[in-house]
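Let's take a walk through this model together. Have the viewer open and follow along, sheet to loops.

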Amino acid sequence: MRKRVLALVMGLMMSASVLAGCGTGGTGENTEAAASVSAESTAAESTAAQSTEGAADTADKELVDLRLIFYGDMSSRREEFFKNEFHDAVLEDLNINLTVEFLPWGSDTNVSTMLASGERFAVEYIVSNYDWHTKGYLAEIDESLLETHLPDLIATRGENNGFECTKYNGKIYAVPFGNKPYAGSMQYFDVRGDILDELGYKSADVNTLEKLEEVMALCKEKYPDMRTVMNLDFLPYALWSYCGEGTRSVNEANDFVYVNEEEEGDTVYSYFESDAFKKLCEITSRWVELGYINKDLITNPSQSDADWNAANCLSRNGMPGSLISSSLKTADPDAYETMVKIGDQKKVKNKDYDWGIAISAADQENVSRWLDLFNWMYKDQEHFNFCVYGVEGKDYEINEDGSINKLVSDSFIDSWFMEAIPYNVYDSSIPQETIEEYEHFDDDAIFSKLTGFSFDTKPVATEVAMLTSIYDEKLKPMAWGFLDYDENIDAVIAELKAAGLDNYIAEYQKQFSEFYAQNKQ
């Protein structure tokens, strides 16, 4: 952002009392990072310098009103930041009058209704996980605009991360954010490394279900009040080696189908009718009996998040970012996270971004201005820090060793959403070998057969609604070990069939076969 804006902000800070924000929409980190900035930042900074003149031209464009929606909680300082410092910087640099809102996670139905009614906004989005682009709800992003309007974002994401995963039928429907490892997400357990140390284990030692349960038992004995597992939505992926054949595709938590990544061809399998689902239920029901799965995961799921953030939980479904996370150190300075892989399934990468941002079809005319905003967020280290950490001197400070020290607990734009290796700074406690492992985590991964595939649910919209209802009411409790599999599965499968499961699978197979034929051979 321009220096005069920062000067104005700093001036206001000096002339007014500083009120620290309370609450958090993120991890509550006090010290997020330390001193190791990737050499890749040089390329991003070079591109940023080359685009300075273009940014000046952008500021001379006509004033436009834009509305950006993120998912999460709006804390007091977060709200103040987006209404004031962030808003003023975007207005000054881009001539955009930007409103930023936060909706709770799980607000998909509300957002879908807003899109269908023609509201103008942009929102966090994953093309492969949603179907709004198939319904005409989202603006198409002309590929010819990318080089002109997104030079810094493209440079930051690197040459290996493009826009293919945000395309549907050859058209781009979202701008991917970030540059970090994406493989293996939810195929691993994120485990408290400090507790493994206490129990006499290394992460590499915990590579079988038997070893994992051994650690769980010892942890429960030593810390009887500690939660063992935080989340279960993606547990089938982490335990697949003990449930199914080959390597399961990683897509959504309540997928009714899956593909085997290790076999040739485009065959789609019915998950809840499979022996793999039965084996999963056997494991989770055992974990419930042993006290490894808490019943409040269904009745009060936010408590599991609170327990994890309070360093009162052993494990959760993990992703590569766990290796470099320092989020638990606020609660316990000795706590750290590591990753555990159970079994021998292959590491799968099904997209080259975590989340992106899509623009509503009603705002098609402002696509180029949205792209200018997204590019601005990755213009250089200063802009990146501003988006993630807030105002230097007010929300964070840079220590002598280059580490970031957060002065407030609030999150701004979530760090996991923005994270880009060229701008990463790492906690000083993280060994260099761990940083290198993290930055090269994708090197031995395979791309999923489902990469770039997006299921159009319109032909089976009625079936999806009924199947989802059955999943929420019966299959989810069964998968989590709370509803007996043997006593209930036959009746539940009959209910799924009556709701149109076979039609759903046939439509999924049809669409995936067409996609596979065009893209995978």
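What follows starts with a sheet and the helix on it, then turns to two residues in loops. Keep in mind that this is a predicted model.

Start with the open sheet. Five strands make it up, with mixed pairing, and they are arranged in the order E3-E2-E4-E15-E7. At the edges you'll find E3 and E7; each has a single partner strand, so one side of each has no neighbour in the sheet.

Now zoom in on the E3 edge. Strand E2, covering residues 64-71, runs parallel to E3, and eight bridges join the two. If you want a spot to click on, try Val 64, which stands opposite Ile 96 in E3.

What packs on this sheet? That's helix H15, residues 367-377. Helix H15 touches E2, E3, strand E4 (122-125), E7 and strand E15 (356-359). As for its orientation, the direction of H15 makes about 60° with that of E2.

Next, the backbone torsions. Asn 95 is not a glycine, yet it has a positive phi of about 60°. Look for Asn 95 in the loop between helix H5 (85-94) and strand E3 (96-103), the strand that stands at an edge of the sheet.

Met 186 is another non-glycine residue with a positive phi, here about 70°. You'll find Met 186 in the loop between strand E7 (175-176) and strand E8 (188-192). Is Met 186 buried or exposed? Its relative accessible area is 13%, and because buried means under 20%, Met 186 counts as buried.

Note on methods:
Residues are numbered from 1 along each chain as its sequence is written. This is a predicted model: local features need pLDDT of at least 70, side-chain atom pairs count only at pLDDT 80 or more; totals for chains, interfaces and linings use all residues. Side-chain values use heavy atoms; hydrogens and water are left out. Helices (H or I, at least four residues) and strands (E, at least two) are DSSP runs, numbered from the N terminus. Buried means under 20% relative accessible area, exposed over 50%, partly exposed in between (1.4 Å probe, protein chains only). Two strands pair if DSSP finds at least two bridges between them. Contact means heavy atoms within 4.5 Å. Axes are lines fitted to C-alpha atoms, for helices over the stretch in contact, and angles run from 0 to 180 degrees between N-to-C directions.
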